[in-house]
Amino acid sequence: MTPGASPSGDGSLLEVRGLAVELARDEGRVRAVDGVSFAVPPGGTLGVVGESGCGKSLTALSLLKLAPQPPVRVAAGEVFFQGRDLLKLSDEELRRVRGRHAAMVFQEPMTSLNPVFTVGEQISEGVRLHLGASRSQARERSVEMLRQVGIPAPGERVDAWPHQLSGGMRQRVMLAMALACDPSLLIADEPTTALDVTIQAQILDLLKRLQAERGMAVMLITHDLGVVAESCDTVVVMYAGKVVEHAPVRELFASPAHPYTAGLLRSLPSLGGEVSEAPQGPRRRLRAIPGMVPALGKLPSGCAFRERCERAREECSRVTPVLERKRGGQLAACHHPVPAS
Amino acid sequence: MSAEPLLQAKDVQVHFPGRGGWLGRVRGAVKAVDGVTFDVFRGETLGVVGESGCGKSTLGRALLRLVPPTAGSIHFDGQDVTGLSQRRLRPLRRRMQLVFQDPYASLNPRMTVRDILGEPFDIHGLARGPGEREREVAALLDAMGLPREALGRYPHEFSGGQRQRLGIARAIALRPDLVVADEPISALDVSIQAQIVNLLVDLQRERGLTYVFIAHDLNIVEHVSTRVAVMYLGRIVELAPSAPLYRRPRHPYTQALLASVPVPDPERARTRLLVPGEPPSPLAPPPGCTFHPRCPHAMERCRRESPPLYPLGSGHFAACFLAEGESQQSSTAPRSGGADGVLAQSPSSG
């Protein structure tokens, strides 16, 4: 295998194979991520969507071994990044990858920034560590990064403390920090969820521009299907720890194959899209998915979605469906997928 | 919907002491709500949208007299409730209720569902004996789609969606006329949000409820609302029936807000209009129109004068000088929100 190539030889930058992650709970070990596989090509954007507890954040954290072990334990799988299995690297080797070649931004910019260091000091840390820059070079780089992420007066803001910045500005600082060493992969976990919609639009635009300029790949974890539609090329839909659908973004939205994906899309009200028949009175109902997400460790037999699924039949409770090609580039884990529309 | 307003807010202001600097000394006032005027009609849903810090939650609490308004007046069912004592408010409390965002924080963790839902009946002395109380509570569970077994359980035993059902059940227990719902679904998962929205819609239909629905999610607000008020920095910048507001927004802020919402359709061309900058601090709002520093259409006048809410016909109001030409000052019908909206927000010179 040539360095930098993925095992499947398709030129993926990141390739995750059969990742399984377990959590220690009072009642024993529960599998929170179960056999997750996907790949991200250089410069591509993969969206990982799902509701709380579906395992999307834990998947992201586990790639760089950032989840606290214990209680988290990677039970199986391979994470090939630039040709090496990250799960087999020593802590020291992994530190040279994190923040240098693969960086991460989180939802809560306040809790991910250290309150006792200035913005400049925090950006400089990685630059000095990974690129061996001097103090003044690192400071220069920090100012440059703040400028690139659109922070006004970067020469002054470099000495600001995190608490002096708004939520949107803090998220820009997080991006500046993550991108300072020019990583080839950015893992962004709900990067705009805590932000207001006009600020979210600014950050998503910024991310898209920086990604294009740098040819950087992005793995975007989100619950917001609108964000996915606007930002991603390929989408992985997770439910109860498993990938239930994996498809190019257009195919997924045009004709979802898994009933869960279809249900999520149907339950969304559309903006300005429909004429209401009764503008004065009570409004129409939405097409909700019935029931709720089952608790980990209390998953039903067979397909975890079957109790909420209108297409479920007898075999769905007996045979766990595997992720397989249904049509075009679309994979789904379902015995009775939604027909193409 | 009758033309008679259930709730009338006139020039409502809520100011908080603004603290900052050395030891958090009081430095002026934060005008969380800065002169808001509107009517809420029986049976309608008035949506209130805006970004964090725009004052929408404070407004919702002021409407229910949960925070005292600094100025202005609030009439509920024809009665001026602005200065009523807590004692005199109590009989009215039964008729106006609040649904909170976080159903976990708003339910007492040490009380069973039976007591959480029975408490309103106890407080207002509305159940004759434990038998009737039990029947009322059970009927509430049925209406919420929750099993009767829930009666003896505690809030932590429920999922987020179920807890929000309990929060709604408690709010509607005493058959109120008005429910203010403050971000009732934003803490919930996508697949659960639609269930709760449907529950609210069904309850409105069955019980003739009037809603003030406060949220930052523009899609949901459009879906549930008869009319929508858009807030920016403590003021209403646009107020209109739902469909025209979303189809043809007149205020540049509303336009920016709508254009910023990510559309769950990769085929749809992105016409995203990026507004630069961030909302200014409510401690030091800019002079004139508070949106002018971010507005692509700002004129010299916007820096000096604050635009009133111009009536544009058919119940559409916008606080923008660009809409002044279309203004129909004289032809405002009383059911369209009131010409008071204009008088109450007279231009102030800066």
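Tutor: A polar contact is a pair of N or O atoms within 3.5 Å, where, within protein, one atom must be able to donate a hydrogen and the other to accept it, and residues adjacent in sequence count only if both atoms are side-chain atoms. This is a predicted model, in which local features need pLDDT of at least 70 and side-chain atom pairs count only at pLDDT 80 or more, while totals for chains, interfaces and linings use all residues. Residues are numbered from 1 along each chain as its sequence is written, chains are lettered from A and ligands numbered from 1 in the order in which they are written, and side-chain values use heavy atoms, leaving out hydrogens and water.

Student: How many residue pairs in polar contact does the rule find across the interface of chain A and chain B?

Tutor: The rule finds 17 such pairs across this interface, with both residues at pLDDT 80 or more. On the side of chain A that touches chain B, helices H7 (167–179), H8 (197–214), H9 (225–231) and H10 (249–254) each supply at least two residues, and the largest share, nine residues, comes from H8(A). In the contact as a whole (heavy atoms within 4.5 Å), 47 residues come from chain A and 50 residues from chain B.

Student: What makes A:Arg250 and B:Glu267 a salt bridge?

Tutor: The term asks for a side-chain nitrogen of Lys or Arg within 4 Å of a carboxyl oxygen of Asp or Glu. The closest N and O atoms of A:Arg250 and B:Glu267 are 2.8 Å apart, so the pair meets that limit. Across the interface of chain A and chain B the rule finds one salt bridge, whereas a search of the whole structure finds 39 over all chains.

Student: Why is A:Glu15 called buried or exposed?

Tutor: Buried means under 20% relative accessible area, exposed over 50%, and partly exposed in between (1.4 Å probe, protein chains only). A:Glu15 has 9%, and therefore counts as buried, while A:Arg17, at 33%, falls in between and is therefore partly exposed. The side chains of A:Arg17 and A:Glu15 meet in a salt bridge, at 3.2 Å from N to O.

Student: Why does the pair A:Asp182 and A:Arg214 tie together parts that are apart in sequence?

Tutor: The side chains of A:Asp182 and A:Arg214 meet in a salt bridge at 3.1 Å, N to O. A:Asp182 lies in the loop between H7 and strand S7 (185–189) of chain A, and A:Arg214 in helix H8 of chain A, so the pair joins parts 32 residues apart in sequence. With a relative accessibility of 44%, A:Asp182 is partly exposed.

Student: Why is helix H11 of chain A said to be largely enclosed?

Tutor: Seven of the eight residues of H11 (residues 259–266) are buried, so this helix is largely enclosed by the rest of the structure. Among the buried ones are A:Tyr260 and A:Leu264. The buried residues of H11(A) pack against H9, strand S9 (234–239), strand S10 (242–248) and H10 of chain A, together with H6 of chain B.

Student: Which residues have the most contacts inside the largest nonpolar core?

Tutor: They are B:Leu117 and B:Ile168, in a core of 68 residues. Such a core is a set of buried Ala, Val, Leu, Ile, Met, Phe, Trp, Tyr and Cys residues joined through side-chain atoms within 4.5 Å. Helix H6 (residues 190–207) of chain B gives the most to the largest core, with eight residues. Apart from that core lies another, of 59 residues, including A:Val127 and A:Ile151.

Notes. Helix = DSSP H or I, 4+ residues; strand = E, 2+ residues; numbered from the N terminus.
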